[in-house]
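Trainee: Could you take a close look at one part of this model with me? I'd like to go through a helix residue and then a couple of loop spots.

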Amino acid sequence: MIKCIHETKNSINVCCLFLYSLQEKLRLAQTSEPHLDKSIITVTFEIPGTIFEEDLNIYLQNLLWEKNVKNKSGNTMEIIRLKGIVSIKEKPQQMIVQGVHELYEIEETSVNWTSENERINRFVFIGRNMDKEILEEVFASTALKERMSS
């Protein structure tokens, strides 16, 4: 039991009661297996270039919504979390991409690209059944494809 200094303030008594309760629960919690899921891995890649926002949306929707991107074993890649910095055509500033499971957003930053040569697309994915080569390949074929001028 954790002893507390007695004061007239209720917040101290509540704090002491909470701490005692938490310590008691931790003492009673017996675990025989690790809490970390070893099937969850992190994959990062960086590809130079500039992309159309619509093509980036197609890439993310195929990955997160349609779930039609598979690893070499034929298992669907399950994205738990993603973050990235992307270079969108005709936007002078860096764009941030972030997502959780099937939700994602693309936001402008206040940081401008300084030259066309340094524009890159950098991603970090956390999930299951991940395959870096396939993620890069699908990104390059979907988002970095050259568009024919009309």
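**A closer look at Thr142**

Mentor: Sure, let's start with Thr142, which sits in helix α3, the stretch covering residues 132-143. Keep in mind as we go that this is a predicted model. Is Thr142 buried or exposed? Its relative accessibility comes to 14%, and because the cut-off for buried is under 20%, Thr142 counts as buried.

Now for what surrounds Thr142. A polar atom of the Thr142 side chain lies 2.9 Å from the backbone oxygen of Val138, so the pair falls within the 3.5 Å limit for a polar contact. Set aside the neighbours within four places in sequence, and Thr142 is in contact with Asp55, Ile58 and Tyr59. Those three have numbers that fall in α2, which runs 53-66.

That brings us to the loop between α2 and β2 (78-86), where you'll find Lys67. Have a look at the backbone there: phi of Lys67 is near 55°, a positive value, and the residue isn't a glycine. Most residues other than glycine have a negative phi. As for the surface, Lys67 is partly exposed, with a relative accessible area of 34%.

Glu90 is worth a glance too. Glu90 isn't a glycine either, yet its phi is positive, at about 65°. You'll find Glu90 in the loop between β2 and β3 (93-100). Here the relative accessibility is 81%, so Glu90 counts as exposed, the cut-off for that being over 50%.

Terms used:
Residues numbered from 1 in each chain as written. Predicted model: local features only at pLDDT ≥ 70, side-chain atom pairs only at ≥ 80, totals over all residues. Heavy atoms only, no water. Helix = DSSP H or I, 4+ residues; strand = E, 2+ residues; numbered from the N terminus. Buried < 20%, exposed > 50% of the residue type's maximum accessible area, 1.4 Å probe, protein only. Polar contact = N/O pair within 3.5 Å; in protein donor to acceptor, adjacent residues only side chain to side chain. Contact = heavy atoms within 4.5 Å.
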